[in-house]
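I set out to record how one sheet is arranged and what surrounds one of its residues. The entries follow in the order of my look-ups.

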Amino acid sequence: MLPVKQAEEIILGLVQPMDPVQDREQVELLSARGRVLAESVVGSLDFPHWDNSAMDGYAVRYEDVAEVRGDRPIQLEIIEEIPAGKPPQKTLDKGQAARIFTGSMMPPGADTVTIQEDTQRQGDRVEILSAPSQRGEWVRYQGSFYQSGTPLLSPGIVLSAPDIAVLATAQITQVPVYRRCKIAILSTGDELVAPGQPLKPGQLVDSNQYALAAAITAAGGEPLLMGIVGDQPEALQKAIAKALTTADIVLSTGGVSVGDYDYVEQILTQLKGTVHIKKVGIRPGKPLTVASFPREASTSSVLYFGLPGNPVSALVTFWRFVQPAMRKFAGWKQGWEPQFLTARSQQELRGGGPREIYLWGKIHCIDGIYQFELAGGSHSSGNLINLAQTTALAVIPVGVSTIAPGDAIQVLAIDR
């Protein structure tokens, strides 16, 4: 039984990120949110595109207004008004100003903006009541935020709303991204039926396939639902073989407990897989199988995760082990590791035993401090009811029997 950290290191060591050339595609800008950028993006425009005003006011020459005092205002002639989106038509000379608005282009000859609150207009003249603190005040200079030809966004980032805004400003409408990681999911067990099907005595509804598909989508992957496979070695071998040809990662749930493990390992070996992990010291989730399969004409492998069949165990092991692996494979430059936070427990947490224990609940930030709220009810690996609305897993280290209310703990943040 491997310690959790050692299992994590083995799994992540098996992952080779996608190839930025072979595994990339172009997507429309509006479809790029949440995708991983595959190459450095370089803009062809300066930003700002031209010198412009950061405030409503008057474009002036600094030397004309530098000596203004409260008891010594000066008047300047207004030679034009420059609306946003319209280029200036005149050049400022000594003693002149131009009415300007936020975002309007600066006229030639002007180098400073006096804000509207520091002026008083009188017909075609404006009285400057206060001197700017420096030359260039309230002016956004061309290229001061970004210069064309330099890297705009780096590869390996997950594109978010601000990044989309940056790309739009640079007039980049086709974005090079990594393709989505394809993850096949199959559930095993003669007792399983799909949601919506009549439930006979002794049968169970297959929730794992749907829960894992949702978790994969939330993590940026593409789930491939392979259905339910009965407890027959031949059927399972055929299903896994098919999944290996269509996916980057294969997840199966169930069929890896002590009673069934022998033939699962035999199947994986027959399919030319190498088994790296059989059991992990985690609760819930001990019966975790991890194998790798060579991929034709590629240096990367297809990873297989045999997850436990209990619904909570399946999700906990996905969040702890599968999600980091899929994100590393998907080209994330950073942040693909499990994200742990320090929080204070609101309730007493019970641990003990030789395994690292994960308890589910919600995390809140109160007065700048994260607080972990344990989910009520039984923390059985088969009780998925109180797993609803989970946002974090509290980690109780091996050998720790009790964590008192108010004590600091490590929690694994969960994507929703």
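Entry 1. I began with one pair of strands in this predicted model. Strand S20, residues 289-294, pairs with S18 in the antiparallel sense, over three bridges. I looked up one bridge by residue: threonine 274 has serine 292 in S20 as its partner.

Entry 2. I then traced the sheet to which these strands belong. The sheet is open, has six strands and shows mixed pairing, and I read its order as S16-S13-S17-S21-S20-S18. Strand S16 (222-229) and strand S18 (274-277) are the edge strands, each pairing on one side only. From one strand to the next I noted a twist that averages 20°.

Entry 3. Which helices lie across these strands? I found helix H1 (residues 4-14) across S18, S20 and strand S21 (301-307), at about 145° to S18. I also found helix H5 (residues 233-246) across strand S13 (182-188), S16, strand S17 (249-253), S20 and S21. Helix H5 runs at about 170° to S13.

Entry 4. I turned to threonine 188, which is found in strand S13. Is threonine 188 buried or exposed? I record it as buried, because its relative accessibility is 8%, and the cut-off for buried is under 20%.

Entry 5. I looked up the polar contacts of the threonine 188 side chain. One of its polar atoms lies 2.9 Å from the backbone oxygen of threonine 253. For the backbone oxygen of glycine 254, I noted a distance of 3.1 Å to a polar atom of that side chain. Leaving aside residues up to four places away in sequence, threonine 188 touches Val229, Asp231, Leu236, Thr253, Gly254 and Gly255.

How values were computed. Residues are numbered from 1 along each chain as its sequence is written. This is a predicted model: local features need pLDDT of at least 70, side-chain atom pairs count only at pLDDT 80 or more; totals for chains, interfaces and linings use all residues. Side-chain values use heavy atoms; hydrogens and water are left out. Two strands pair if DSSP finds at least two bridges between them. Helices (H or I, at least four residues) and strands (E, at least two) are DSSP runs, numbered from the N terminus. Axes are lines fitted to C-alpha atoms, for helices over the stretch in contact, and angles run from 0 to 180 degrees between N-to-C directions. Contact means heavy atoms within 4.5 Å. Buried means under 20% relative accessible area, exposed over 50%, partly exposed in between (1.4 Å probe, protein chains only). A polar contact is a pair of N or O atoms within 3.5 Å; within protein, one must be able to donate a hydrogen and the other to accept it, and residues adjacent in sequence count only if both atoms are side-chain atoms.
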